[in-house]
Amino acid sequence: MQLKPLSNHLIIEPMMQEKMTKSGIYIPETADREKPMQGKVIAVGPGKTTDTGAVMPVAVPVGAIVIFKKYGPDEVEIEGTKYLIAEESDILAIVE
């Protein structure tokens, strides 16, 4: 199955970062942690349609690593893989 975002939505694959305590112990991904705030954009919608009918393209390219609002995107699971669907306004920054 393939996801195709509509309007100004993006499909993001969340990136879980290994966390290490001050004493050097790694906390595995399976541990209960907060939602990720960084991910890789895997699909981008065509853009938002204005009142005049013009389409404003999304400024975030496919493949970009982004930082997004913690509770902005909606989480979906497709074929065992978790994805986030976010609006362009949920994206705070592109990591370069």
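**View 1. Burial and overall make-up of the chain.** Of the 96 residues in the chain of this predicted model, 25% count as buried. The accessible surface comes to about 6,900 Å², and 54% of this surface belongs to carbon and sulfur atoms. In terms of secondary structure, the chain has 0 helices and 10 strands, and a reader who follows the sequence from one end to the other therefore meets the pattern β-β-β-β-β-β-β-β-β-β. When contacts between residues at least 6 apart in sequence are considered, 62% of them join residues that are at least 24 apart.

**View 2. The open sheet of 6 strands.** The strands of this sheet are arranged in the order S8-S9-S1-S4-S7-S10, and their pairing is antiparallel. Strand S8, which covers residues 74–78, and strand S10, which covers residues 91–95, stand at the edges. Each of these two strands has a single partner strand, so one side of each is left without a neighbour in the sheet. Neighbouring strands of the sheet are turned against each other by 40 degrees on average, with direction ignored.

**View 3. Strand S4 between strands S1 and S7.** In the order of the sheet, S4 stands between S1 and S7, and this view follows its pairing with each of them. Strand S1, made of residues 9–14, pairs with strand S4, made of residues 38–44, in the antiparallel sense over 5 bridges. Two residue pairs illustrate this pairing: Leu10 has Val44 in S4 as its bridge partner, while Glu13 stands opposite Lys40 in S4. With strand S7, which covers residues 65–68, S4 pairs in the antiparallel sense over 3 bridges. Lys40 appears here again, since this residue of S4 also stands opposite Ile65 in S7.

**View 4. Pro14 in strand S1, and its distance to Ile65.** Pro14 is found in strand S1. Its relative accessible area is 24%, so Pro14 counts as partly exposed; the cut-off for a buried residue is under 20%. Although Pro14 and Ile65 are 51 residues apart along the chain, their C-alpha atoms are separated by 9.6 Å. Ile65 belongs to strand S7, where it stands opposite Lys40.

**View 5. A salt bridge between Lys82 and Glu75.** Lys82 forms a salt bridge with Glu75, and the closest N and O atoms of the pair are 3.9 Å apart. This distance fits the rule applied here, because a salt bridge requires the nitrogen and the carboxyl oxygen to lie within 4 Å. By this rule, the count for the model comes to 1 salt bridge. Lys82 has a relative accessibility of 47% and counts as partly exposed, and Glu75, with a relative accessibility of 47%, counts as partly exposed as well.

**View 6. A nonpolar patch on the surface.** Met37, Ile67, Leu92 and Val95 make a nonpolar surface patch of about 310 Å². One of these residues, Val95, is found in strand S10, which is one of the strands at the edges of the sheet. Val95 has a relative accessible area of 37% and is partly exposed. This value agrees with its place in the patch, because patches are made of residues with over 30% relative accessible area.

Key. Residues are numbered from 1 along each chain as its sequence is written. This is a predicted model: local features need pLDDT of at least 70, side-chain atom pairs count only at pLDDT 80 or more; totals for chains, interfaces and linings use all residues. Side-chain values use heavy atoms; hydrogens and water are left out. A salt bridge is a side-chain nitrogen of Lys or Arg within 4 Å of a carboxyl oxygen of Asp or Glu. Buried means under 20% relative accessible area, exposed over 50%, partly exposed in between (1.4 Å probe, protein chains only). Two strands pair if DSSP finds at least two bridges between them. Helices (H or I, at least four residues) and strands (E, at least two) are DSSP runs, numbered from the N terminus. Axes are lines fitted to C-alpha atoms, for helices over the stretch in contact, and angles run from 0 to 180 degrees between N-to-C directions. Patches are made of residues with over 30% relative accessible area and no salt bridge: like charges are joined within 9 Å, nonpolar side chains (Val, Leu, Ile, Met, Phe, Trp, Tyr) within 5 Å. Accessible areas come from the Shrake-Rupley method with a 1.4 Å probe; for residues, only the protein chains shown count as cover. Contact means heavy atoms within 4.5 Å.
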